[in-house]
Amino acid sequence: MLLNISMSKSLDGVLTKKANQKETYTEAQIQDLLACMNPNDGYLHFAKHFAHIQHPVKGKLLFDPYEYQLRLLHSYHSYRFNINMMPRQTGKTTCAAIYLCWYAMFNPDQTILIAAHKYTGAQEIMARIRYVYELCPDYIRAGVTSYNKGSIEFENGSRIISQTTTGTTGRGLSISLLYCDEFAFVQPNIAEEFWTSISPTLATGGKAIITSTPNSDEDTFATIWKQAEQKFDEHGNEQEIGINGFHSFRAHWSEHPDRDEEWKKNEIGRIGEEMFRREYGCEFLIFDETLIHSIKLAVMEGVNPIMNMGQVRWYKKLDSRKSYVVGLDPSMGTGGDYAAIQVIELPTYEQVAEWQHNTTAIPGQIRVLRDICTYIAEETKNPGAIYWSVENNGIGEAALLVVADFGEENIPGLFISEPIRKGHVRKFRKGFNTTHSSKVTTCARLKTMIENDKLIVRSKPLISELKAFIAAGSSFQAKPGHADDLISALLLTLRIMNVMKDWDPNVYNTFSQIEHTDDYEMPMPIFISTNY
């Protein structure tokens, strides 16, 4: 015997099922319901028999999962914490919508939070969940007590809530299941704050599913992924979960039945190799337009310092046969922007040391500069091979006054300054003044040197800054939430070299060769008269 149940419409016009209704089931329907309620594989019966999807070309279809999608659903269900790195357009959001809809309807009193990196992303996932729910037969689906675009509440006490990922998303909720969509593209400082805030809410037994294509290899998603990939215990035995308790899942683009080498070739021709490797190959290549090519950044690895002298990190032993360039980018030293110093060896163009601090006052910054130059002079026994300078923009004027108080003669090496030409008059000012033009030109030189392995970067913090140093208008700057002070100090050392090449044959020969390894045009060289 069948009982016809009329379906009600909610305020926004979509079909729902009323809550707390009496129903009559056939034997077949009871078996289907029991199969969906099975705690072991009920999600699979639901997905294969009752979940409909919207195909972009074919329209409404009953979900027929590919083999890798079955493995993805198994990962969702079998592990408390799982992180999934998936190529674009492989149905990861569809799988999530089906699983979350099943989980809410067949597990009472659950709070499911969907956190997406954009509002539109959160709404898209909810739209797919609503589509699955609305096309599900009444004898399978649960009734709803509240049904809207941002949340669904079911008669069994479970609810699904969708929100944009912020530092406070989910705070105050007792979350049973957290689903993070495209987590790698959440702004790094927000992602870190969100994860720190949300983790305690999962401590009472909640589950977490994190899904994304990769972005930076240093964001929160990448950190969780890398720890999840470390699956060996202290005895060398392989485990199913990583050291952070997460199970990692990854699918290859070729597992999709519609994709082969010919498809790959056409797709690379359409979007380029870099984007293909990131979007489909799931390589940690920076998504933004960085100064240094993202493929180059992906293979750059820093090393640990061989020595620390206070806050100064030394990466290489000094050589009495080499010259050293030391550049200081000063700051107020009040806890905001960082002051930074870079030390580059010539003619090897290797990073030797660096310093970075944001609470050292300007006199202290000059003392650190002096101490670095003094150490180089003592180790090499050759103070004449040290060339140093400071940026004189803004706060740099105060740094010049402190240098004058110290006395240039008390800082080993030669204080290099950039001549200034105004009309036909050549003026001289201590240090280097950074303009838009000089920054763009020096950024181009830095790009050429690093991408052609002519400048050897050893510092992990500097590489981190380079990964967040992106195009901004016609120049480059750090992404919001990141710093670029170490890069600014490095750019200053290149400008010092550009002046040095006009009177140092060693620098002229090597620096000129580096400049001509790319196609961009460099400005005319500046010559310094010996009469200055």
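# Exercises on a predicted model

Tyr43, Phe46, Tyr76, Tyr99, Trp102, Tyr103 and Phe106 together make up one aromatic cluster, where rings of Phe, Tyr and Trp (its six-membered ring) pair if their centres lie within 6.5 Å, and where planes under 30 degrees apart count as stacked, over 60 as edge-to-face and the rest as tilted. The model is predicted, so local features need pLDDT of at least 70 and side-chain atom pairs count only at pLDDT 80 or more, while totals for chains, interfaces and linings use all residues. Residues are numbered from 1 along each chain as its sequence is written, and side-chain values use heavy atoms, with hydrogens and water left out.

## Exercise 1: the protein as a whole

Find how many helices and strands there are in the protein, and what percentage of its residues is buried.

Solution. Begin with the secondary structure, taking helices (H or I, at least four residues) and strands (E, at least two) as DSSP runs numbered from the N terminus; the protein has 16 helices and 23 strands. Next comes burial, where buried means under 20% relative accessible area, exposed over 50%, and partly exposed in between (1.4 Å probe, protein chains only); of the 532 residues in the protein, 51% are buried. Last come the contacts, which are defined by heavy atoms within 4.5 Å: among those between residues at least 6 apart in sequence, 68% join residues at least 24 apart.

## Exercise 2: the nonpolar cores

Determine which residues have the most contacts inside the largest nonpolar core, and which helix gives the largest share of this core.

Solution. A nonpolar core is a set of buried Ala, Val, Leu, Ile, Met, Phe, Trp, Tyr and Cys residues joined through side-chain atoms within 4.5 Å. The largest one has 47 residues, and those with the most contacts inside it are Phe46, Tyr76, Tyr99, Ile129, Ile140 and Phe154. Its largest share, 12 residues, comes from helix α4 (residues 92-106). A second core, separate from this one, has 35 residues, among them Phe432, Ile463, Phe469 and Ile496. To look at one residue of the largest core, take Ile140, which, leaving aside its neighbours within four places in sequence, is in contact with Asp32, Leu33, Cys36, Phe46, Phe50 and Phe106.

## Exercise 3: two aromatic pairs

Establish how the rings of Phe50 and Tyr139 are arranged, and then how those of Trp102 and Phe106 are arranged.

Solution. The count of aromatic pairs comes to 24. For Phe50 and Tyr139, the ring centres are 6.1 Å apart and the planes stand at 90°, so this pair is edge-to-face. The pair links distant parts of the chain, since Phe50 is in helix α2 (residues 42-50) and Tyr139 is in the loop between α5 (119-134) and β7 (144-147), 89 residues apart. Phe50 is buried because its relative accessibility is 6%, and Tyr139 is buried with a relative accessible area of 17%.

Turning to Trp102 and Phe106, this aromatic pair is stacked, with 6.3 Å from centre to centre and 25° between the planes. The two residues are four apart in helix α4, and so Trp102 and Phe106 are separated by about one helical turn. Trp102 is buried at a relative accessible area of 3%, and Phe106 counts as buried at 16%.

## Exercise 4: two packed helices

Work out at what angle helices α13 and α15 pack, and which residues make the contact.

Solution. Two packed helices are described by the angle between their axes and the distance between the axes. The axes are lines fitted to C-alpha atoms, for helices over the stretch in contact, with angles running from 0 to 180 degrees between N-to-C directions. Helix α13 (residues 436-451) and helix α15 (residues 485-500) pack at about 90°, and their axes are 10 Å apart. Angles under 35 degrees count as roughly parallel, over 145 as roughly antiparallel, 65 to 115 as roughly perpendicular and the rest as oblique; α13 and α15 are therefore roughly perpendicular to each other. On the α13 side the contact is made by Ser438, Thr442, Cys443, Arg445, Leu446 and Met449, and on the α15 side by Ile487, Leu490, Leu491, Leu494, Arg495 and Asn498.

## Exercise 5: backbone details

Locate Asn20 and decide whether Asn20 is buried or exposed.

Solution. Asn20 lies in the loop between β2 (15-16) and α1 (27-37). Although Asn20 is not a glycine, it has a positive phi of about 60°. With a relative accessible area of 66%, Asn20 is exposed.
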